[in-house]
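Please take a moment to look over the sequence and the model before reading on. The paragraphs below are meant as a guided walk for someone meeting this structure for the first time.

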Amino acid sequence: MEETRKKTDIWTVCIYLILYSIAGFVIETVFGIFTKGVVESRKSFLYGPFCAIYGIGAIAMILGLKNQKNPLKLFLGGAVIGAIVEYAMSFFCEKFFGVKWWDYSDFFLNIAGRTCLFFAVSWGFLAIVLMKWVNPQVDRWIEELKQRKMMFKVATVLLIAFFTVDATLTGYALKVFYYRISTENNLNVMDKKEIQKEYAKIQSGRNFARFVNDYYNDEKMLKTYPNLMIEEQNENTVYVESLIDGVESYYYRLGEAF
């Protein structure tokens, strides 16, 4: 009873976000190896090894399912929470940045291509593993770290600051990349004329344009997001990789050296 009543403070939540975002990056990398035979970037942000959907999903599950012990309830709760988080993240990224990281339109029982039955089931199994085995160990580790109070708080603040800056820079870079790809390839996207104006405005500032074009160029963005997509007004989904010549999106294809 004592364990279920224990409150989760903001410091612990911050560690969850960082830790499970990194774990998600590892999971996604391994998933890419097994499903595509490539070692490719599967991260959310430009710099840190974070896959934010896993961090957010883990926090939602921990807070929402912390009093559940029954495996079936954990599975069902995890499936629902995971599907909601996946749908919300997909919707947010497309509406604010104009791009899509995934499209499940070809999957059985999908919802607008943003989530589907297969991955909801996967989230359900992950919830059982998380709540039954992984997070209890993580909580014990966090409690040990909290014994060094000042060091723990300073390290947490620095990690969250880096995470926040990384997310902010990534958001802006994605927006600029969306403007550039849409304009230079004359894609039939929503608010096409407005996007062209915004892109022209960015390019009119010579020094700023040079900075953006150097540090957030097509190669950098494609190697970070090799599966990025843009949806046109006619609901035609375009893979960004198909629009950029001379850039190999994969870091390493397994077996190519043999």
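What follows goes from a pocket to a salt bridge, and then to a few loops and a surface patch.

Since this is a predicted model, the values given here are computed from its atoms, and a good place to begin is the largest pocket, which has a volume of about 1200 Å³. Its lining is made by 44 residues, and those that lie nearest the centre of the pocket are Glu28, Arg42, Trp101, Trp102 and Tyr104. Several helices take part in this lining, for helix 2 (10-36), helix 3 (52-65), helix 4 (71-97), helix 5 and helix 6 each supply at least two residues. Which helix gives the largest share of the lining? That share, six residues, comes from helix 2.

Two of the residues that lie nearest the centre of the pocket, Glu28 and Arg42, are also partners in a salt bridge, in which their side chains meet at 3.1 Å, taken from N to O. Because glutamate 28 lies in helix 2 while arginine 42 lies in the loop between strand 1 (38-39) and helix 3, the pair ties together parts that are 14 residues apart in sequence. In the model as a whole, the count of salt bridges comes to eleven.

From here the reader may turn to lysine 146, which is found in the loop between helix 5 (117-145) and helix 6 (149-184). The side chain of lysine 146 makes a polar contact, at 2.7 Å, with the side chain of threonine 12. When residues up to four places away in sequence are left out of the count, lysine 146 touches Asp9, Thr12 and Phe152.

Another loop, the one between helix 6 and helix 7 (192-204), holds asparagine 186, and aspartate 191 lies in the loop between helix 6 and helix 7 as well. What is the sign of phi at asparagine 186, which is not a glycine? The phi of asparagine 186 is positive, at about 50°, and aspartate 191, which is likewise not a glycine, has a positive phi of about 55°.

The walk ends at the surface, where Phe108, Leu109, Leu117, Val121 and Phe125 make a nonpolar patch of about 510 Å². One of these residues, phenylalanine 125, has its place in helix 5, a helix that also supplies at least two residues to the lining of the largest pocket.

Key. Residues numbered from 1 in each chain as written. Predicted model: local features only at pLDDT ≥ 70, side-chain atom pairs only at ≥ 80, totals over all residues. Heavy atoms only, no water. Helix = DSSP H or I, 4+ residues; strand = E, 2+ residues; numbered from the N terminus. Polar contact = N/O pair within 3.5 Å; in protein donor to acceptor, adjacent residues only side chain to side chain. Contact = heavy atoms within 4.5 Å. Patch = residues over 30% accessible without salt bridge, like charges linked within 9 Å, V, L, I, M, F, W, Y side chains within 5 Å. Areas by Shrake-Rupley, 256 points an atom, 1.4 Å probe, with all protein chains shown as cover. Salt bridge = Lys/Arg side-chain N within 4 Å of Asp/Glu carboxyl O. 1 Å grid on protein atoms, 1.4 Å probe; cavity = no way out; pocket = protein on both sides within 12 Å on 5 of 7 lines; lining within 4 Å. Points joined across faces, edges and corners; volume = space filled by probe spheres on them.
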